[in-house]
Every structure is written in structure tokens, then in C-alpha cells.
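Reader: Hi! I am new to reading protein models, and I would love a close look at how one part of this one is packed. Could you take me through it slowly?

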Amino acid sequence: VMLWTDRAAWTAGKAGDAGAAPVRPTGMEVDPAIAGGTVGWLLIAVAVQITTVTAPLLVTNTLGGGYDQLGIYAGLAAALELPFIILWGYVLRWVKKHTVIIAAAMLYAIYLGLLSQAQSVADVLWLQLINGPATAALVSIPISYMQEAIRGRVGLSTSLLDVVRVVAVLSSAAIFGGVTAVTPDYPMLFVIAAILSLSGAVAMFAAHRVLRSLPPEPAGTQV
């Protein structure tokens with residue numbers, strides 16, 4: 001509703017030349033490619049939410065790990081993410097944001113597929129070498145990616161992140177409840193998450209291939 005019903009009011013602005021016509025703000029222009037890419041990001045976000053809830057249960061329940069091992073898993077994952085977050089920031093100087101997100105989502109899908117086959121806590125820890133760079137990109141780059149969704153409305157664009165997050169949490173909760181209603185099949189949840197992450201990457205790729213992005217925005221026009 002916010003995207004399509006909000007309209008900018010007419011403004012008369014000061015004219016540099018005599019007789020200049022009133023200027024009307026351009027209002028909201030939704031980037032078609034990013035709007036389509038948001039669907040892909042939603043699918044990826046659902047996969048991330050499923051993994052966030054399920055991974056600790058896999059370590060402690062399915063693999064029989066202790067809380068100390070769970071702490072090592074969480075700490076190792078965070079330690080690997082931090083340097084890659086910085087590294088991805090440099091990579092964006094040469095590579096487009098959606099390209100990095102797509103690559104990270106595909107890498108994340110590989111991680112989830114392998115995680116579903118983990119036979120020990122040690123396997124989970126080794127797999128963090130794949131998870132680190134993938135998750136680092138997925139928790140940082142979508143912020144700036146989504147901020148470009150609505151031309152001239154960085155604040156409103158950023159609010160879409162919360163909308164996606166809430167929908168992702170609700171969706172992941174429904175999937176988690178449906179899969180574990182009969183038996184706690186945690187590995188199956190990772191398979192589902194891998195499919196969602198890969199589907200999100202495909203959807204974002206298709207959006208940026210089929211839909212045309214808006215031209216770069218002139219400096220000093222963001223709100």
C-alpha cells in the first residue's frame with residue numbers, strides 16, 4: 001500500500017530564473033529489478049531463519065553435542081563472518097550487489113545441503129568455513145541492496161527489510177512446525193532451506209535479467 005498510494009504534493013520552489021514553472025517532486029519510483037529481487041531475497045531470508053533455529057537443535061539433539069560445543073559452533077561462525085563482511089565491502093567496488101547476494105545464496109545452499117548430511121559436531125564445525133563467507137554476505141549486503149528499491153526514499157526502502165524479516169520469521173516458523181509436528185527431522189529442514197536459498201538465488205537472477213533497473217540516481221536527491 002505504501003509503495004503505490006503515497007503521492008508527493010506539488011511544490012512551487014524558488015525559481016532561479018524569472019517565470020520558472022513550479023516543480024513537482026518525482027515521488028516514488030520503484031526499481032522493477034529490485035522489486036522482483038525482493039521476492040528472491042525473501043526466500044533466502046526464510047532459509048536463513050530456518051537455519052538459525054534448527055542448527056543448535058541439530059548440534060545438541062541429533063548429533064548429541066553439549067552446550068560447550070554449541071558455544072564453539074556459534075563463536076566460530078561469528079568469528080568467520082566478521083572478516084568476510086569487511087571483505088565483501090571491498091568486493092562491491094567491482095561487483096554488483098545482487099551478483100554477490102546470488103553467489104552467497106548459492107554457496108549457502110551448498111552449506112545447508114552438506115549440513116543435512118553431517119554425522120558429527122566436528123562436521124558442523126568444519127562446514128563453518130563455507131558458512132562464514134556466505135552468511136557474511138547475506139547479513140550485510142541486502143541492507144544496501146534494499147535501500148535502492150524506492151528511488152529517493154532510502155528510509156522507506158530500508159523499512160522493507162523489516163517487512164521481509166517478519167514475513168521470513170512467520171514463514172520459517174510455519175515450515176518448522178509442519179516438518180517437526182510428527183518427528184523432529186532436523187536434517188530435512190536443512191534440505192528445505194537449501195532449496196529455498198537456491199530458489200531465491202534463481203529468482204533474483206531472473207529479476208535482474210528480465211526487469212530493467214532504474215538509471216543511477218543523481219547525488220543529493222535521497223530522503
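Reader: Let me begin with one pair of helices: how are α3 and α6 oriented to each other, and why?

Author: Happy to help! Please keep in mind that this is a predicted model, so everything below is computed from predicted coordinates.

Let us start with your pair. Helix α3 covers residues 67–91 and helix α6 covers residues 128–146. Their axes come within 7 Å and cross at roughly 55 degrees. An angle under 35 degrees would count as roughly parallel, and one from 65 to 115 degrees as roughly perpendicular. The crossing falls in neither range, and α3 and α6 are therefore oblique to each other. The handedness of this crossing is right-handed.

Which residues make the contact? On the α3 side they are Y73, L76, A77, L80, E81, F84, I85 and W88. On the α6 side they are Q128, L129, N131, G132, P133, T135, A136, A137, V139, S140 and I141. Sorted by class, the residues of this contact are 13 nonpolar, five polar and one charged.

A pattern worth looking for in such lists comes from helix geometry. An α-helix has 3.6 residues a turn, so residues three or four places apart point the same way. Try reading the α3 list again with that in mind.

Now look at α3 by itself. The helix has 25 residues, and from its first C-alpha to its last it reaches 36 Å, close to the 36 Å expected at 1.5 Å a residue. Its buried residues are L70, Y73, A77, L80, E81 and W88. The elements that cover these buried residues include α2 (32–62), α4 (97–115), α5 (121–126) and α6. That gives us two more helices to follow, α2 and α4.

Begin with α4, because its axis and that of α6 come within 8 Å and cross at roughly 145 degrees. That "because" only explains my choice of starting point; it says nothing about the structure, and the obliqueness I spoke of belongs to α3 and α6. In its crossing with α6, α4 is left-handed. From α4, the residues taking part are K97, H98, V100, I101, A104, A105, L107, Y108, Y111 and L114. From α6, they are Q128, I130, N131, P133, A134, T135, A137, L138, I141, P142, S144 and Y145. By class, this contact divides into 16 nonpolar, five polar and one charged.

Next comes α2 with α4. Their axes lie 12 Å apart, and the angle between them is about 30 degrees. The two helices are therefore roughly parallel to each other. Here too the crossing is left-handed. On α2, the residues I44, A47, V48, T51 and L58 meet I101, A105, Y108, L112 and L115 on α4. This contact has nine nonpolar residues, one polar and no charged ones.

One residue ties in nicely with that pair: S197, which lies in helix α8. S197 is buried, with a relative accessible area of 0%. Setting aside its neighbours within four places in sequence, S197 is in contact with L43, I44, A47, A105, Y108 and A109.

What about the rest of α8? This helix runs over residues 186–210. Its 25 residues should span 36 Å at 1.5 Å a residue, and its end C-alpha atoms are 36 Å apart, which agrees. The buried residues of α8 include Y186, L189, F190, A193, G200 and M204. A203, also in α8, is partly exposed, with a relative accessible area of 24%. The C-alpha atoms of A203 and G40 are separated by 4.8 Å, although the two residues are 163 apart along the chain.

Back in α6, you can find I143. I143 is partly exposed, at a relative accessible area of 40%. Its C-alpha atom is separated by 10.0 Å from that of S159, 16 residues away along the chain.

Finally, a step back to the whole chain. There are eight helices and two strands, in the order α-β-α-α-α-α-α-β-α-α from the N terminus. Of its 223 residues, 38% count as buried. Among contacts between residues at least 6 apart in sequence, 79% join residues at least 24 apart.

Notes: Residues numbered from 1 in each chain as written. Predicted model: local features only at pLDDT ≥ 70, side-chain atom pairs only at ≥ 80, totals over all residues. Heavy atoms only, no water. Axes fitted to C-alpha atoms, helices over the stretch in contact; angles between N-to-C directions. Helix = DSSP H or I, 4+ residues; strand = E, 2+ residues; numbered from the N terminus. Left-handed = near helix turned anticlockwise from the far one by under 90°. Contact = heavy atoms within 4.5 Å. Nonpolar A, V, L, I, M, F, W, Y, C, P; charged D, E, K, R; others polar. Expected span 1.5 Å × (residues − 1). Buried < 20%, exposed > 50% of the residue type's maximum accessible area, 1.4 Å probe, protein only.
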